[in-house]
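Please look through the sequence and the model shown here, and then follow the paragraphs below, which go from aromatic rings to charged side chains and end with a single residue in a strand.

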Amino acid sequence: MHLKFSTLTSQFLDDPQSVRRAVCWPVLVWEAPPVGVRPLFTRSTMTGLSMRRPTVAEPLVLEVRKRSQVVTPATGITLGRTPDSDIIVDDPTVSRVHATFREDSHTGVWCVSDAGSHNGTWQDGTLLIPGRSVPLFERASLRFGDVMATFLHFSAFNQFILDWLARHSRASRMPLMESGLTREG
């Protein structure tokens, strides 16, 4: 399920606690690549899906949870390109079943593992060995093929919004500052 980032941002500015109540499980924030960044992988397939894609102004927020009521710990929460994945990522460099997320029932720590994907799953710049789970703490950078996403435990999501707003407000002021103009002048 996708959440609208601009709606969550507006809610956060009005009432930060409302976002904490609305987002009570981990999320992946899929951001558009910076302008001029070329894809790394040439191996891709046609998806046939027409899901939304992130833009610079509107990242996609993907909930890390099962879509169905039936939770099977053995399979975990699947991320892939197919409509029956729990987290659907419509990108030609993402495999049909690309990665799996699980929460350790004893520690509450979330883990991710690559499901034998063609273009790999990366955590904080390190390629994961297929089938081997690695822990995800409050915040982690993940890459599925060419898709860059940030894993956020629900407790880290509010800080992500603040960081994103600060980063984008600086970027929107930069051209004015470089030209010597300001919003007042």
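Rings of Phe, Tyr and Trp (its six-membered ring) count as a pair if their centres lie within 6.5 Å. In this structure, which is a predicted model, a search of the whole structure finds two aromatic pairs. In one of them, the rings of Phe101 and Phe144 have centres 6.4 Å apart and planes at 65 degrees, so this pair is edge-to-face. Because Phe101 belongs to strand β6 (residues 99-103) and Phe144 to strand β11 (residues 139-144), the pair ties together parts that are 43 residues apart in sequence.

Phe101 also forms an aromatic pair with Phe151, and this pair is stacked, with 6.2 Å from centre to centre and 10 degrees between the planes. Since Phe101 lies in strand β6 and Phe151 in strand β12 (residues 147-152), parts that are 50 residues apart in sequence are tied together by this pair. Phe101, Phe144 and Phe151 thus form one aromatic cluster; Phe101 and Phe144 are both buried, and Phe151 is buried as well.

Rings can also be found beneath charges: the charged end of Arg65 sits over the ring of Trp25, 4.1 Å from its centre, while Arg143 lies over the face of Trp122, at 4.4 Å from the ring centre.

The last stop is Thr78, which has its place in strand β4 (residues 77-80). Is Thr78 buried or exposed? Its relative accessibility is 17%, and because buried means under 20%, Thr78 counts as buried. Leaving aside residues up to four places away in sequence, Thr78 touches Ser85, Asp86, Ile87 and Ala99.

Conventions:
Residues numbered from 1 in each chain as written. Predicted model: local features only at pLDDT ≥ 70, side-chain atom pairs only at ≥ 80, totals over all residues. Heavy atoms only, no water. Helix = DSSP H or I, 4+ residues; strand = E, 2+ residues; numbered from the N terminus. Buried < 20%, exposed > 50% of the residue type's maximum accessible area, 1.4 Å probe, protein only. Contact = heavy atoms within 4.5 Å. Phe/Tyr/Trp six-rings, centres within 6.5 Å; stacked < 30°, edge-to-face > 60°. Lys NZ or Arg CZ within 6 Å of the ring centre and 35° of its normal.
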